[in-house]
Amino acid sequence: MALSTAALAQTRPALAPPTDTAAGKQIFDSQCAWCHGTDGDGGTGPNLRGKLSHATDLKSIADIIQNGLPGTEMPALGLTERSSRQTAAYVQSLSRATTRPVPGNAQRGAALYDSTGCASCHIVGGRGNGLGPELTRIGALRGAPYLREALIKPAAVHPPGYLVVRAVTNDGAEVRGIRVNEDVFWVIVRDAAGVVHTLEKSRLSKLERQLEATLMPSYEARLSAEQLDDLVAYLAGLRGDR
C-alpha cells in the first residue's frame, strides 16, 4: 500500500532550512575544516561525505558537535545551541553528498601493503603486529590526505601514544623503540623488531625522549606516485566492515 504524502514526510530525516546550512558552512570552515578537511573530505578527522559513522539525524549530529564524542578525538566545541544546530545542518548536507572517489586502486594497494611489510608493524583485522597504530578502521578515522601525508612524511603526523625513546645502559648497550610504559624507576620499550625491553633507570646512562621521531619509514622515494595512490585507496577503505 502506498504511503500518503504526510506519512512519507514522517519517515524522512528532518532537514534544516537553507539559511542554517549556509551559516553552518561558515562555522565549519573556521572551526572544523582544519581536522575534517575542506568540504568535509577528511584529514586528521574522518571524511564526512556519505554515510556518517556516529550520527543519523540533525539532532544527533548537533549533540556530537556540542558535546564531543567520548572515546574519540572529537572534542566538545563549546558552540552555542544555535551554532551547533547550524553546523550540524551543514554536516548533514555533506552526509547526503556523494563521496568523492579516492584516486588509486584499492586491490593493488592491498597487495602493496603485504609486499612492503606493513603488517610487521600494523594490525588489520587481527593480522599483523602492534608496534604501530592499528589500521582496521583507519579509513573511518582519518581522511585520505592525512593517510598520504603519513606515508610520505610520517614524522609530521606523529600519532599520540607512540613516543620514541632511546635508552643507553651503563655498559653501552642501546635500545630504541616505542615507549610502552614508564614510571619513576622503570621504562618499558618495544623495539622495531617487536622485542619488549624492561629497563631499570638506575642502570641507564642516558634516556632520550625523541618527541619528533618515528619508527615508520617514509615511502615518498620507495613508492611511485601511482603506488602511493593505490596504498592510500586501500587504507581509506579500511572501515572495520565485517
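Let me start with one residue, arginine 142: at 12% relative accessibility, arginine 142 counts as buried, because the cut-off for buried is under 20%. Keep in mind throughout that this is a predicted model.

What does arginine 142 meet in a salt bridge? The partner is the side chain of glutamate 73, at 2.7 Å from N to O. This pair links distant parts of the chain. Arginine 142 is in the loop between helix H7, residues 138-141, and helix H8, residues 144-152. Glutamate 73 is in the loop between H4 and helix H5, which covers 81-95. The two residues are 69 residues apart. Is glutamate 73 buried or exposed? Glutamate 73 counts as exposed, at 53% relative accessibility. So the bridge has a buried arginine 142 at one end and an exposed glutamate 73 at the other.

Arginine 142 has a second contact to show you. Its charged end sits over the ring of tyrosine 146, 5.0 Å from the ring centre. Tyrosine 146 belongs to H8, where the buried residues are Tyr146, Leu147, Ala150, Leu151 and Ile152. Which helices do the buried residues of H8 pack against? They pack against H7 and H9. There is another case of a charge over a ring: the charged end of arginine 222 sits over the ring of tyrosine 219, with 5.7 Å to the centre.

Back to salt bridges. Side chains of opposite charge can pair when their charged atoms come close. How many salt bridges are there? The count comes to 14 salt bridges. Here are two that stay inside a helix.

In helix H2, residues 18-31, look at aspartate 29 and lysine 25. They form a salt bridge whose closest N and O atoms are 2.8 Å apart. The two residues are four residues apart, about one turn of the helix. Aspartate 29 is partly exposed, with a relative accessible area of 37%. Lysine 25 counts as partly exposed too, at 32%.

In helix H4, residues 58-67, look at lysine 59 and aspartate 63. This pair is also four residues apart, about one turn of the helix. The closest N and O atoms of their salt bridge are 3.1 Å apart. Lysine 59 counts as exposed, at 60% relative accessibility, whereas aspartate 63 counts as partly exposed, at 31%.

Now aromatic rings. A search of the whole structure finds two aromatic pairs. Take tyrosine 113 and tyrosine 234: their ring centres are 5.5 Å apart and their planes are at 55 degrees, so the pair is tilted. Tyrosine 113 lies in helix H6, residues 106-115, and tyrosine 234 in helix H9, residues 225-236, so the pair ties together parts that are 121 residues apart in sequence. Tyrosine 113 and tyrosine 234 are both buried.

Let me stay with tyrosine 234. Its relative accessibility is 16%, so tyrosine 234 counts as buried. Which residues does tyrosine 234 touch, not counting residues up to four places away in sequence? The answer is Ala106, Gly109, Ala110, Tyr113 and Val124. For glycine 109 there is also a backbone distance: the C-alpha atoms of tyrosine 234 and glycine 109 are separated by 5.1 Å, and the two residues are 125 residues apart along the chain.

One residue from a strand, for balance. Threonine 169 is in strand E3, residues 164-169. Threonine 169 is buried, with a relative accessible area of 17%. A polar contact of 2.3 Å joins the side chains of threonine 169 and aspartate 171. Leaving out residues up to four places away in sequence, threonine 169 touches Arg203, Leu204 and Ser205.

Last, the whole protein. It has nine helices and seven strands. The radius of gyration is 22 Å, well over the 18 Å that the globule rule gives for 242 residues, so the protein is more spread out than a compact globule. The C-alpha trace spans about 80 × 40 × 35 Å along its principal axes. Of the 242 residues, 38% are buried. How much of the contacts with a separation of 6 or more comes from residues 24 or more positions apart? Such residues account for 59% of those contacts.

To end where we began: arginine 142 is buried, meets glutamate 73 in a salt bridge, and has its charged end over the ring of tyrosine 146.

Methods: Residues numbered from 1 in each chain as written. Predicted model: local features only at pLDDT ≥ 70, side-chain atom pairs only at ≥ 80, totals over all residues. Heavy atoms only, no water. Salt bridge = Lys/Arg side-chain N within 4 Å of Asp/Glu carboxyl O. Buried < 20%, exposed > 50% of the residue type's maximum accessible area, 1.4 Å probe, protein only. Phe/Tyr/Trp six-rings, centres within 6.5 Å; stacked < 30°, edge-to-face > 60°. Lys NZ or Arg CZ within 6 Å of the ring centre and 35° of its normal. Polar contact = N/O pair within 3.5 Å; in protein donor to acceptor, adjacent residues only side chain to side chain. Contact = heavy atoms within 4.5 Å. Rg over C-alpha atoms; globule rule 2.2 N^0.38 Å.
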